[in-house]
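Trainee: Could we go through the terms used for this model, one by one? I would like to see how each label is earned.

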Amino acid sequence: MRSRFARGLDMLEARESVRNLPTYHPPLGGRVGLRLDFNENTLGCSPRVLARLREITAEEVACYPDREPVEAVVARHLGIDSQELLLTNGVDEAIHLLCETFLEPGDEALIVVPTFAMYGISAAATGARVLSVPTDAEFRFPASDLLSQVTPRTRLIAIANPNNPTGCAAEPAILVEIARSVPQAAILVDEAYFEFYGHTALRQWRNVPNLFVARTFSKAYGLAGLRIGALTGNAERVPLVRRVSSPYNVNSLALVCVLAALEDENYIRHYVSQVREGRNELQREFSQRGIRYWPSEANFVLASFGPLKTALIQSMRARGILVRDRSGDHGCEGCVRITLGSAEQNAQLLRALREVLAEIGAKGVVVK
Ligand SMILES: Cc1ncc(COP(=O)(O)O)c(C=O)c1O
């Protein structure tokens, strides 16, 4: 009997929305050196986390993870109720779950560009239309342009605050106002870089129930490899997202480590203060040299090196320092994003940057 498959009929195909998706492939290969390219914690997690990992028993690994007791602790840490929080496999999964919960094919999702890639990817995968609202040359948050794009089909607005790759932030009150004026849409305020900024839209969902705030343990806490974040929101809306989530989405090692990380707030405080100091120094250096940069509220700074961008990245790499080419992002031609770290690492960065700028003759690079 001739197989139906031999005729090429009924071949397995992905959904159209997935067929149309580009592959997102961050440049993770060959990351040897001082990693100032992915906005990670450059010193690593607290020693308490490593100590806890060393104590893991075979039984703990054998058991399915139980996230709810840890959710209670994280919620208490954030000053919110357990029903207002869902632990996720990083903010990446929080974005995915929000899209799965609220978007239907043909709905519209609004994002501000340039921004973090996963909003567009997760929204488009559902079959929703992703509409990009561009920022101006200063990367200021385009509140009125965003609102002018809202239609009855707008079901998601995703905003990184502070934004990646620009480091620019909007007043949380403005984002809450946007949520209030678009009640048919889930508004995600992604606070992945909260610790370096200090202002939050947390808890505002009690009055504005379509607002969600995401936090991660990947950045300041140094747990990016373990994959753990939190989606927070109104106590009646978060359970809807929970329905879509696997009960085992966060693994047991991440769960025990996050508890250890939360017990060592001093470690985070000290690290964040060094990052902020390094951010000021780097921005001062750019100012003095007339190199265009965008004042940042995160653990990185975006700067424009124009035609010298590739030479700068390569010369930094030759000195063992990895920085990230962001020139492919909207409005970021010639731009490089540089993550800050400990005081020592920031000093190493500045030394290398000065040498490289002398080497590639960038003294007069002003790309305004
Ligand atoms: C704005 C923003 N949100 C989320 C993430 C990813 O966070 P997580 O590691 O928790 O998935 C990143 C990582 O670069 C980011 O820049």
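Mentor: Gladly! A polar contact is a pair of N or O atoms within 3.5 Å; within protein, one must be able to donate a hydrogen and the other to accept it, and residues adjacent in sequence count only if both atoms are side-chain atoms. Keep in mind that this is a predicted model, where local features need pLDDT of at least 70 and side-chain atom pairs count only at pLDDT 80 or more, while totals for chains, interfaces and linings use all residues. Residues are numbered from 1 along each chain as its sequence is written, and side-chain values use heavy atoms, with hydrogens and water left out.

Trainee: What makes the approach of D92 to the ligand a polar contact?

Mentor: A backbone N or O atom of D92 lies 2.9 Å from an oxygen atom of the ligand. The cut-off is 3.5 Å, so the pair qualifies. V91 also uses a backbone N or O atom, at 2.7 Å from a ligand oxygen, whereas Y193 brings a polar side-chain atom to 2.6 Å from one. The protein covers 92% of the 400 Å² of accessible area that the ligand has on its own (Shrake-Rupley method, 1.4 Å probe; for residues, only the protein chains shown count as cover).

Trainee: Which residues surround the ligand most closely?

Mentor: The shell holds 14 residues, and D190, Y193, T216, S218 and R227 are the closest. Belonging to it takes a heavy atom within 4 Å of the ligand.

Trainee: Why is one space called a cavity rather than a pocket?

Mentor: On a 1 Å grid over the protein atoms alone, a cavity is a set of points where a 1.4 Å probe fits but cannot get out, whereas a pocket is an open set with protein on both sides within 12 Å along at least five of seven lines; lining residues have an atom within 4 Å of a point. Points are joined across faces, edges and corners, and a volume is the space filled by probe spheres set on the points. The largest cavity has a volume of about 110 Å³. Of its 14 lining residues, V112, F141, I159, A160 and N163 are the closest to its centre.

Trainee: And how do you know that the ligand sits in a pocket?

Mentor: The test is that more than half of its atoms lie within 2 Å of the grid points. The space the ligand takes is the largest pocket.

Trainee: What makes the bond from N161 to P162 cis?

Mentor: Its omega is near 0°. The bond from N164 to P165 is also cis, with omega near 20°. Most peptide bonds are trans.
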